Amino acid sequence: MCQLLGMNCNVPTDIVFSFTGFATRSRGTDAHNDGWGIAFFEGAGVRHFVDYQAAIESPVAELIRRFPIKSKNVIAHIRKATQGRVALENCHPFVRELWGRYFVFAHNGDLKDFNPELNGSYRPVGNTDSETAFCYILQELRRQFDDAPPALPQLRAAIEKLCAEIATHGTFNMMLSDGSALFAHCSTNLHYIVRQYPFAEAVLCDEDMKVDFSEVTTPSDRVAIIVTEPLTTNETWTQFKLGELKVFIDGMPLP
């Protein structure tokens, strides 16, 4: 199946270090070579890059590694196709508008017999179960809350309920963000780490690369990295519980 990478921070931060190790898994250390994508929030806007080539070979991915775009919320995905052909329209993350702001979504898993009735407000462009699930989530959020975005506790409860419903059809590890918070649901496998003062050195699992974060941060910085499998060998990662939804704001998971 695919792999997910998310970043949530209290200050705009680049994801070059984590993305370098993550992208290697598209072919160098794993077999996720059916496309990739990444989305960065910047204010009300989103920079969105996708490619049907493997991330380890993609010139667009090389741009991301060399051009340190800074953002408080980032979602990335490398694809191992289970449903839908290898094509640009099937590459995650997907982006849609709800309540006058962008939502970004990526999914790892395989949903069986998942054919929700979509009323037309949101329709998939490609032919993946993932994009269908995203459209269904946004449709149901709009149906439940109409044109007024709810407070975070109500939004969290609604997303948690929808994730539990969709997960009855198979594996549903997903990340969703509106630029203010990052929601992550674990069906089978997700891990996270919070990097904050005092910062230390980190060593990638999949690439001969390390960085001393104390040299590139300030004492007030805080960064949460969420990923399918831990990216580093010398840090302690926390595994999600099965069926758990976590919400990250300003580089920390909410209780």
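1. The largest pocket of this predicted model has a lining of 20 residues. Thr13, Asp14, Phe213, Val216 and Thr217 are the lining residues that lie nearest the centre of the pocket. Three elements each give two or more residues to this lining: strand 1 (3-14), helix 1 (16-24) and strand 12 (222-227). Strand 1 gives the most, with five residues.

2. The space in the largest pocket amounts to about 380 Å³. By residue class, its lining consists of 13 nonpolar, four charged and three polar residues.

3. The largest nonpolar core comprises 30 residues. Those that touch the most other members are Phe105, Leu141, Ile159, Phe172, Met174 and Phe183. At least two core residues come from each of the following elements: strand 5 (94-98), strand 6 (101-108), helix 3 (129-145), helix 4 (152-167), strand 7 (173-177) and strand 14 (245-249). Helix 3 gives the most to this core, namely eight residues.

4. Phe183 merits a separate entry. When its neighbours within four places in sequence are left aside, Phe183 is in contact with Leu152, Leu155, Arg156 and Ile159, with Met174, Met175 and Leu176, and also with Leu245, Lys246 and Val247. Two of these partners, Ile159 and Met174, are listed with Phe183 among the residues that touch the most other members of the largest nonpolar core.

5. A second core, separate from the one above, contains 29 residues. Phe19, Ile38, Phe49 and Leu231 are included in this second core.

Notes. Residues numbered from 1 in each chain as written. Predicted model: local features only at pLDDT ≥ 70, side-chain atom pairs only at ≥ 80, totals over all residues. Heavy atoms only, no water. 1 Å grid on protein atoms, 1.4 Å probe; cavity = no way out; pocket = protein on both sides within 12 Å on 5 of 7 lines; lining within 4 Å. Points joined across faces, edges and corners; volume = space filled by probe spheres on them. Helix = DSSP H or I, 4+ residues; strand = E, 2+ residues; numbered from the N terminus. Nonpolar A, V, L, I, M, F, W, Y, C, P; charged D, E, K, R; others polar. Core = buried A, V, L, I, M, F, W, Y, C linked by side-chain atoms within 4.5 Å. Buried < 20%, exposed > 50% of the residue type's maximum accessible area, 1.4 Å probe, protein only. Contact = heavy atoms within 4.5 Å.
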